[in-house]
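Work through the following exercises with the sequence and the 3D structure side by side, and try each task before reading its solution.

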Amino acid sequence: MVRIMLSVVIAFAATALGYVALWNGGAVLLRDASNGGGADLSLVALLMAGGGLVLLATAMLSLALSPVGVITVGAIHLTVGLLSVLIPSSPFIPLFAQGFGADSAIGYGLLFSVSTGIGLLAGIIFLVTGLAALTRRAQKPGALARAASVIVAIVAGAMGILLAFIGGGSVHTTLILEARPGLEVTGVVLVLVGTILVGLAALTLRWSSLGAAVLGVLVTAMGIVGIAQPSQLASITQGVSRELTVAIQFACPNGNLALIGMLLLAAALGTLLRSRRWR
């Protein structure tokens, strides 16, 4: 019981503090990127965003004590994200965001996270990782399990993030940039399909932590490039989709792509630590 309570406290506290730091630092980094900044990124903002990413990874690592904390955090992410994407006319999220102030980085970060589907991706990783840790076998995974986890995680995870970003860019453009009311069906469907695929990638943690770790390294590396050189990454995606370019322009400079990678890395490490404790 003590482990369960401690995991819940760590997961909630680290998630809340992590988002505050990430959204505040990310807002400055996004502003610098919009002004054409590259090498002149704010050191304070980088440290704040980096600290936020570490705290959110710490929230995921609480599953080494018990999966209850990350499952609860994931369920809250998914509930808020689904309500925001499926019921865009709901005033709850905008009013809650405005409560932090008209020009608050936290309020904008919350709006951005739920409108682009980033919150859904984070939520599915938290939730599925917790469930996978509960059902993972204690014995050491074999070579076949490791290979299968890598293949499924990379294919499903990469496709899921791509689809979710395209859909999120479409939803964000419609609801936030163009302020058009109504459900953006195509974007929402892409976000939901992408979320399911990322969940499938996280589910490979039942077999082995290797797949999620490899995917996490790749996504984190892209996220770091997106913070340092967002224009370069955006230029690569211009030939793929306008919506994807929009998502990259907003999701990379503020650290949200790096967040997905860090959560996957922490999920792999936390699941591994938990499985070794129970052997």
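**Exercise 1.** Determine which residues of α3 meet which residues of α6 in this predicted model, and describe how the two helices cross.

*Solution.* Begin with the contacts: on the α3 side they include Val-70, Ile-71, Gly-74, Leu-78, Gly-81 and Val-85, and on the α6 side the partners include Gly-119, Leu-120, Gly-123, Leu-127, Gly-130 and Leu-134. Next, consider the axes of α3 and α6 (residues 118-135), which come within 7 Å and cross at roughly 145 degrees. Finally, assign the hand of this crossing, which is left-handed.

**Exercise 2.** Classify Val-68 as buried, partly exposed or exposed, and find the surface patch to which Val-68 contributes.

*Solution.* Locate Val-68 in helix α3, which covers residues 68-86. Its relative accessible area is 32%, and because partly exposed residues lie between the 20% and 50% limits, Val-68 is partly exposed. Together with Met-1, Ile-4 and Met-5, Val-68 makes a nonpolar surface patch of about 390 Å².

**Exercise 3.** Is Thr-204, in the loop between α8 and α9, buried or exposed, and which residues does Thr-204 touch?

*Solution.* The loop holding Thr-204 runs between α8 (185-203) and α9 (210-228). Thr-204 has a relative accessibility of 1%, and since buried means under 20%, Thr-204 counts as buried. Leaving aside residues up to four places away in sequence, Thr-204 touches Ser-149, Val-152, Ala-153 and Ala-212.

**Exercise 4.** State how many helices and strands the protein has, and what share of its residues is buried.

*Solution.* The protein has twelve helices and zero strands, and of its 279 residues, 51% are buried.

Notes: Residues are numbered from 1 along each chain as its sequence is written. This is a predicted model: local features need pLDDT of at least 70, side-chain atom pairs count only at pLDDT 80 or more; totals for chains, interfaces and linings use all residues. Side-chain values use heavy atoms; hydrogens and water are left out. Patches are made of residues with over 30% relative accessible area and no salt bridge: like charges are joined within 9 Å, nonpolar side chains (Val, Leu, Ile, Met, Phe, Trp, Tyr) within 5 Å. Accessible areas come from the Shrake-Rupley method with a 1.4 Å probe; for residues, only the protein chains shown count as cover. A salt bridge is a side-chain nitrogen of Lys or Arg within 4 Å of a carboxyl oxygen of Asp or Glu. Helices (H or I, at least four residues) and strands (E, at least two) are DSSP runs, numbered from the N terminus. Buried means under 20% relative accessible area, exposed over 50%, partly exposed in between (1.4 Å probe, protein chains only). Axes are lines fitted to C-alpha atoms, for helices over the stretch in contact, and angles run from 0 to 180 degrees between N-to-C directions. A crossing is left-handed if the near helix is turned anticlockwise from the far one by less than a right angle, and right-handed if clockwise. Contact means heavy atoms within 4.5 Å.
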